[in-house]
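Q: I would like a close look at a single part of this model, set against the rest of the chain. Please take care to say where the prediction can be read in detail and where it cannot.

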Amino acid sequence: MYRRSAAYRIFSVINYIFLGLLMAVCLMPVVHVFFSSISDPALLKVHTGLVAWPLGRPTLKGYGIVLGNSRIARSYMNTVFYVGSSTALGVFLTMMGGYVLSRRNFLLKKPIMVFITFTMMFNGGLIPFYLVVKGLGWLDTPLAVIVPGCLSVFNIVLMRTAMMGISDSLYESAVLDGAGHFTCFCRIAAPLSKPTIAAIVLFSAVAQWNSWFQAMIFLKSRKLFPLQLVVREILVENNTTSVTSGADVTSGALSQNLYKYLVQYSTVIVTILPIICIYPFLQKYFVNGIMVGSLKE
């Protein structure tokens, strides 16, 4: 029976301790926010430091206020629409671009790759970006949020590298059977790149879900605001009036100011919950997609 050396065992112990501490550091903010969101608002207001257990009697009042607010519900639906549309469009264009740039007989492959890679390091800046969106007539429209951020150079390079790992014999056999580029793309390239596609879907969805800067610049109508802009108003500007107004939080000695922190923590949990729920279903593709897209050349 193989016996591990003392040095290996010591390394394993140190490694487990380090990973355990790293996991604790990553989980502690989530634990703090979650338990704060179900704590007694009166105790939460005067509490300082981390919250590792609900303060007082647990309550879901904060979630009731957040989920019952029409502005939160509307911004939530806007975000779902923006994420779904931008991710679908971006993944489709990324797959098409990765397929074209992975074909070895494409003459302009290298110049286009140089041009695309150049944009990773240099860009025109915010003002030209704003002028382009304004010139297209997209200001204060959903297109200003969906289209400009749907493509990522990193994702294109990842997809291109993954599709370059597909054997040329598969394409040659398909061409001999009369298949064209569209058939090769749909029947060969896309099915064999599913792990990488899943990873890109996750990247795109998370990036779009957390995006707020473009919406802040291009959108003026509050009915078009995504969830992240509302969260920014609640957390950064410390303004919860629009969320607590109309809610039943004024009974007894309690007031809207008392529920301010409870609403902030509840909004954070509501915001990150979809990503936490979706990630486990894509996790099995995530590592495979990154490895395939980064090692094969």
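Is α13 mostly covered or mostly open, and how many of its nine residues are buried?

A: In this predicted model, α13 is mostly covered, with seven of its nine residues buried. Those buried residues are Leu227, Gln228, Leu229, Val230, Val231, Glu233 and Ile234, a list to be set beside the figure for the whole protein chain, where buried residues make up 36% of the 297 residues. The chain around α13 is built with 15 helices and zero strands, and among its contacts between residues at least 6 apart in sequence, 71% join residues at least 24 apart.

One partner of α13 is α4, and the axes of these two helices come within 7 Å and cross at roughly 135 degrees. Because an angle of that size falls outside the ranges for roughly parallel, roughly antiparallel and roughly perpendicular, α4 is described as oblique to α13. On the α4 side the contact is made by Arg71, Ile72, Ser75, Tyr76 and Thr79, while α13 contributes Leu227, Gln228, Val230, Glu233 and Ile234. Sorted by class, the contact of α4 with α13 holds five nonpolar, three polar and two charged residues. Each of the five α13 residues in this contact also appears in the list of buried residues of that helix.

Leu227 and Ile72, which take part in the contact between α13 and α4, recur in the largest nonpolar core, a set of 23 residues in which Tyr63, Val66, Ile72 and Leu227 touch the most other members. At least two residues of this core come from each of α1 (6–37), α3 (61–67), α4 (70–102), α11 (194–209), α13 (227–235) and α15 (260–295), and α15 gives the most, with five residues. A second, separate core has 17 residues, among them Met95, Met159, Ala189 and Ala190.

Ala190, a member of that second core, also belongs to another helix pair, in which Ala190, Pro191 and Leu192 of α10 meet Lys194, Pro195 and Ile197 of α11. The axes of helix α10 (residues 181–192) and α11 come within 5 Å and cross at roughly 70 degrees, which makes α10 roughly perpendicular to α11. By class, the contact of α10 with α11 has five nonpolar residues, no polar ones and one charged residue.

A polar side chain elsewhere is worth adding to this picture: asparagine 155 lies in helix α8 (residues 153–164). Asparagine 155 counts as buried because its relative accessible area is 5%, against a cut-off of under 20%. Leaving aside neighbours within four places in sequence, asparagine 155 is in contact with Thr94, Ile200, Phe203 and Ser204.

As for confidence, the mean pLDDT of the protein chain is 84, and 87% of its residues reach 70 or more. Helix α7 (residues 143–146) has the highest confidence, at 93, whereas helix α14 (residues 241–244) has the lowest, at a mean of 60. Over residues 250–254 the pLDDT is below 50, and beyond near neighbours in sequence this stretch has three contacts in the model. Residues 293–297 likewise stay under 50, although the model gives them eleven contacts beyond four places in sequence. Where pLDDT is low, the predicted coordinates should not be read in detail.

Notes: Residues are numbered from 1 along each chain as its sequence is written. This is a predicted model: local features need pLDDT of at least 70, side-chain atom pairs count only at pLDDT 80 or more; totals for chains, interfaces and linings use all residues. Side-chain values use heavy atoms; hydrogens and water are left out. A nonpolar core is a set of buried Ala, Val, Leu, Ile, Met, Phe, Trp, Tyr and Cys residues joined through side-chain atoms within 4.5 Å. Buried means under 20% relative accessible area, exposed over 50%, partly exposed in between (1.4 Å probe, protein chains only). Helices (H or I, at least four residues) and strands (E, at least two) are DSSP runs, numbered from the N terminus. Axes are lines fitted to C-alpha atoms, for helices over the stretch in contact, and angles run from 0 to 180 degrees between N-to-C directions. Angles under 35 degrees count as roughly parallel, over 145 as roughly antiparallel, 65 to 115 as roughly perpendicular and the rest as oblique. Contact means heavy atoms within 4.5 Å. Ala, Val, Leu, Ile, Met, Phe, Trp, Tyr, Cys and Pro count as nonpolar, Asp, Glu, Lys and Arg as charged, and the others, Gly among them, as polar. pLDDT is the predictor's confidence in each residue, from 0 to 100.
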